[in-house]
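Biologist: Could you take me through this protein chain step by step, in a way that a first-year student could follow?

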Amino acid sequence: MPEPVPAEKPAGEDAPPADGDSDVDWDESETTELTGLFVEKPPDNVVVITGSDAIFIARVDSTTLARKPTMKWLKGKWLDLGSKAGKHMQFKETYDRNTKVCIYTYEMKINKVVPGDAGGYRCEVTAKDKCDSSTFEISVEAVQQETLGDDLAAFKRALVISVVDAGEDEGSLDFSALLKRPEKEEPEIDVWELLKSAHPSEYEKIAFKYGITDLRGMLKRLKKMTAPEPKYSEAFLKKLDSCYSVDKGKKIVLTCEVVDPNIPVKWLKNGQEIKPSAKYIMEANGNKRTLTINRTTLADDAAYECVVGEDKSFTEVFVKEPPITITKLMDDYHVVVGERVEFEVEVSEEGAHVMWLDVELHKDKDSKFRFKKDGKKHTLIIQEATLDDIGMYHAWTNGGHTKGELEVEEKELEVLQDIADLTVKATDQAVFKCEVSDDKVTGKWFKDGKEVLPSDRIKMSHIGRFHRLVIDDVKPEDAGDYTFVPDGYALSLSAKLNFLEIKIDYVPRQEPPKIHLDTTGSMVSQNTIILVAGNKLRLDVEITGEPAPTVVWSKGDQVNIYPITDSEGHVRVESWKDNKELGPTYSEGRVRVESRKDLSSFVIEGAEREDEGNYTIVVTNPSGEDKAVLFVKIVDVPDPPQHVKCTSVGEDTAIIVWDPPKFDGGAPIKGYLMERKKKGSSRWTKLNFDVYESTTYEAKRMIEGVFYEMRVFAVNSIGLSQPSLNSKPFMPIAPTSEPTRLTVNDVTDSTCSLRWLAPDKIGAGGLDGYIIEYCKEGDTNWVVANKELCEKQGFMVRGLPVGEKINFRVMAVNIAGNSPPAIMSQPVTIREIVEHPKIRVPRDLRTKYIRKVGEKINLTIPFQGKPRPIATWFKDGQPIDPKMVNIRNSNVDSILFIRSAEREHSGKYELLLQIENMEDRATIEIRIVEKPGPPLKVRVTDVWSFNAALEWDPPKDNGNCDITGYTIQKSDLKTKEWFTVYEHNRRTNCTASDLIMGNEYRFRVYSENLCGLSEDLPAFLPFPLGLQVKQNSYKEMDLSCVPKFTQPLVDRTVVAGYSTAISCAVRGFPKPKIVWMKNKMIIGEDPKFLMQNNQGVLTLKIRKPSTFDGGKYTCLAVNELGRDEVECKLDVKGNGKDLPEVTRIYISAT
């Protein structure tokens, strides 16, 4: 949750006026103290003249921020002025990249201020984990022309202007009183003084008397003039911050401090008292009072008060909704008129608000658009798409945006089955049937241009895509042209009904058989029947002949004839296929032959590709034979295209290629249809409605950085193939922009070191590396300097000719290719620059460098100089032995390395840097230390009472550093356990006290230096020591004394919030008892106070004192001989800020 930065009260400094605006009167009595994120804030109170321009500036320091700050300008509590940007209000944001200080400047400009611009404003800056806000007030006044001090005249002029601007709805003024010339000149009366001293019931009478119509506006100004000054709060040490900001669902803590730690407080929300609960937790810790609000909601956005008696502390809590992100993007749609469209997005939280917009206007008021919410899914539904709905649709949340394109094409009606001409006999049934692509299309039937109406004999039906006209008991007058016209389409289907009159005269005669086809003979190309795969073929062949002929059907080159005649003398048919009999004459099987009198019907149900071939019909009778050959060609939709792939991509385009289908379906390929979709989506978008003839297609209008998949359909005269396999996912990407700030870092006789910054625009393709090229001045042949891509933002070009002027350029490379080059503005002359040698010794090596024996030493000494300096090391004036010390030199530094340090490595090391006759020297002193040896000659010099005096000599080996002290231990021969008597004893003698009379002791001594205690055997006392009572030869001195303070307490003044301490020193025997008091009250076990006694030095530490902790502090020392006391005064001053709360006072004593 972002931490709110409290708004501070003005204190001390004058706020600068807005740039270039002389008509704005800044309130100099109040200034803005710069705290939090703001470097500069707008002033708290601003007076602007009507019609002038006002500019408000805020500056934010982003040095400590993880990301760019976001600034909002608000009016009142919630009105975001960003939505009001235009000619009247303008907003500007600037950032100087050339400076090292990360300062963002935000500017709000109000052009030609009007009275409606008056009010409270707030600028709020937010970052990832911080926020800050600043409030200011704008007052608008009319133009003052003559007497600036005349408030009444100025108010009347402003009132006249406001009434004229307001129009008729705001009322009018009566100027008749002003036009009358007074008989006597009376002194002008100050209405403001009258209103100040008058009772509120007299306000209207005074306004009527002196011609004031806008009494409400005048009273508002009067209230500001008579507003009492804010009183200093006596109940609060620190009030609540002016405002708090919290994200929805997070926890927020409101904190204030009261003077009395035991006083109860009340918390109010919008004037209503808050009761403790799991949501509202109230705590009291010393002077602090906190209100914790858990799991904040929008209902918690309110004004809060902390009430102590009659004093109140106000604050305002702003609850911000977290940004709603879009987790599933919107898909594109390509539909025809009348289809349903559903734009669907998915957001990060349920119940979030999503705003839908298209490119022209809001759609939420149109009944044809519906909005649906299902958890995190939000859907925009267009019931029936029209051409007016074409455009780009956007979905916005407060944290994301997505868009989808809708393309709508005119719906074309396809005729799947046309009406066929009919020839029927009297009393037969005539059926006209057609099939169209849309099952919702209705239509009308016409005969010879007149609409056909249904009757008992004529019936019309519409089932799905089929439209039928059935005429029962056909009569001669039914013959004519019949037409079906679909409603709403410029299309008509026509067929002819022929009435056949049959006259039968039976004359027994002999007649050779005859096959009646539209086309007969052996010309296969003329007897071709084209059949669409899956459709039904029914070929009715009329056969004549006397007697009834025998019919044989066969498929293939050879024909077997088996004449059969039925029992009634009718034609009996035998059918063959591929030299095999096709089947019986009954209606069975997918491929079959049906027969009736004078008619043979060849039927194929659900045609398949293997049904294609030559079919032969042979009819025979005793009078002769007839034969006809038919070629049945099966056509089908083609196979899907193959090997769909993406060959190249651009910023929003991609080139797609594919191979034609293996089988074209028996009909030439007319073209292809392409579809694309986003990876992971199930919604395909059509890219073309007209067939595309080539096998290479450039897909456009794609989003960079999004993966897409493509598929292709093949189209012939029969229809559309199945879709091809999806292409591999591809991403539209573009090369990066050119690298920036290409500069020369270093030049030698044969090399040039370049540096640059990354491109401003990288894009979704990322950045793989850089290519560096160079060429001579005046030449156009660029030479690549790096064989492999350079991943760093710097490169050294080697092998350059001395003295030549060389041009350099750098190109960024990613998967999309090379970027435009970044070229040096001027050629670079390849020549070494002489630079004096300079050794830069690190700060930690400028003093003595100390390391322990066995440690690793690795010293890096940087230097500079051109050409490459010669570095030489010396130790104590002699060249370094490479067997003892390893040296490694480079162009910019020299490294001294010792794998395991020894005592003999100690000494002074000197580095000599030489360039021709120039040189520089640096000296480093290295000391290798180890633990010291044991002390020598430990001895007891005296024994008395319960004490023993010890002495010893320093060790022979001090470990190459000073002895810092000694550790003395004792051991009782009974327990044989060692106890430490002294640590860090700096002298070579000591006195062991608190020994037991009659026991025997042993002592041992360790020497100590920087490395620690000596590891060798410690120095032991050579013999045990038995203590015996030794009578004193003198009278012991009486040390008893009354407690006496040798160092008194001193009066102090400290700052509230900083911990402090007061100290004094006392002596006395027996050891006195110490009592601390505040204002003559004993300080008990209060955790705020810490009392210490260190060998007579008495210290009282006070943690984070407040003004309540001020007063008189007394230290009392008491023993059996008497008592003594000292006191001081502690004054605690508040500073109005949250400061670190640690201060200490130490008083030492002898």
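Modeller: What follows is a set of questions and answers on a predicted model.

Biologist: How many strands are there in the protein chain?
Modeller: The secondary structure of the protein chain can be listed as two kinds of element, helices and strands. The helices come to five, and the strands come to 90.

Biologist: What share of the residues in the protein chain is buried?
Modeller: A residue counts as buried when its relative accessible area is under 20%. The protein chain has 1150 residues, and the buried ones make up 39%.

Biologist: For contacts with a separation of 6 or more, what percentage joins residues 24 or more positions apart?
Modeller: Two residues are in contact when they have heavy atoms within 4.5 Å. Among the contacts in the protein chain with a separation of 6 or more, the part that belongs to residues 24 or more positions apart is 62%.

Biologist: How many residues apart in sequence are the parts that R676 and D332 tie together?
Modeller: The side chains of R676 and D332 meet in a salt bridge, with a distance of 3.6 Å from N to O. R676 lies in strand β51, whereas D332 lies in the loop between β21 and β22, so the parts that this pair ties together are separated in sequence by 344 residues.

Biologist: Is D332 buried or exposed?
Modeller: The cut-off for a buried residue is a relative accessible area under 20%. Its partner R676 has 6% relative accessibility and counts as buried. D332 has 14% relative accessibility, and therefore D332 also counts as buried.

Biologist: Which strand holds E405, the residue that pairs with R701?
Modeller: R701 and E405 meet through their side chains in a salt bridge of 2.1 Å, N to O. The pair links distant parts of the chain, 296 residues apart, with R701 in the loop between β53 and β54 and E405 in strand β28.

Biologist: Where does R457, the partner of D478, lie?
Modeller: The salt bridge between the side chains of D478 and R457 has an N to O distance of 2.6 Å. D478 lies in the loop between β35 and β36, so the pair ties together parts 21 residues apart in sequence, and R457 lies in the loop between β33 and β34.

Biologist: Why does E412 count as exposed?
Modeller: E412 is one of the residues that form a negative surface patch, together with E409, E410, E414 and D690. In the chain, E412 lies in the loop between β28 and β29. A residue is exposed when its relative accessible area is over 50%. E412 is exposed because its relative accessible area is 68%.

Biologist: Where is P547, which follows a cis peptide bond, found?
Modeller: E546 and P547 are joined by a cis peptide bond, for which omega is about -10°. As for its place in the chain, P547 is found in the loop between β40 and β41.

Biologist: What is the phi of K112, and in which loop is this residue found?
Modeller: K112 is exposed, with a relative accessible area of 61%. The loop that holds K112 is the one between β9 and β10. Although K112 is a residue other than glycine, its phi is positive, near 50°.

Biologist: Which strand contains H984?
Modeller: H984 is not a glycine, and yet its phi is positive, at about 55°. The place of H984, within residues 978–985, is strand β76.

Definitions and conventions: Residues are numbered from 1 along each chain as its sequence is written. This is a predicted model: local features need pLDDT of at least 70, side-chain atom pairs count only at pLDDT 80 or more; totals for chains, interfaces and linings use all residues. Side-chain values use heavy atoms; hydrogens and water are left out. Patches are made of residues with over 30% relative accessible area and no salt bridge: like charges are joined within 9 Å, nonpolar side chains (Val, Leu, Ile, Met, Phe, Trp, Tyr) within 5 Å. Accessible areas come from the Shrake-Rupley method with a 1.4 Å probe; for residues, only the protein chains shown count as cover. A salt bridge is a side-chain nitrogen of Lys or Arg within 4 Å of a carboxyl oxygen of Asp or Glu. Lys and Arg count as positive and Asp and Glu as negative; His and the chain ends are not counted. The place of a charge is taken as NZ of Lys, CZ of Arg, CG of Asp or CD of Glu. Helices (H or I, at least four residues) and strands (E, at least two) are DSSP runs, numbered from the N terminus. Buried means under 20% relative accessible area, exposed over 50%, partly exposed in between (1.4 Å probe, protein chains only).
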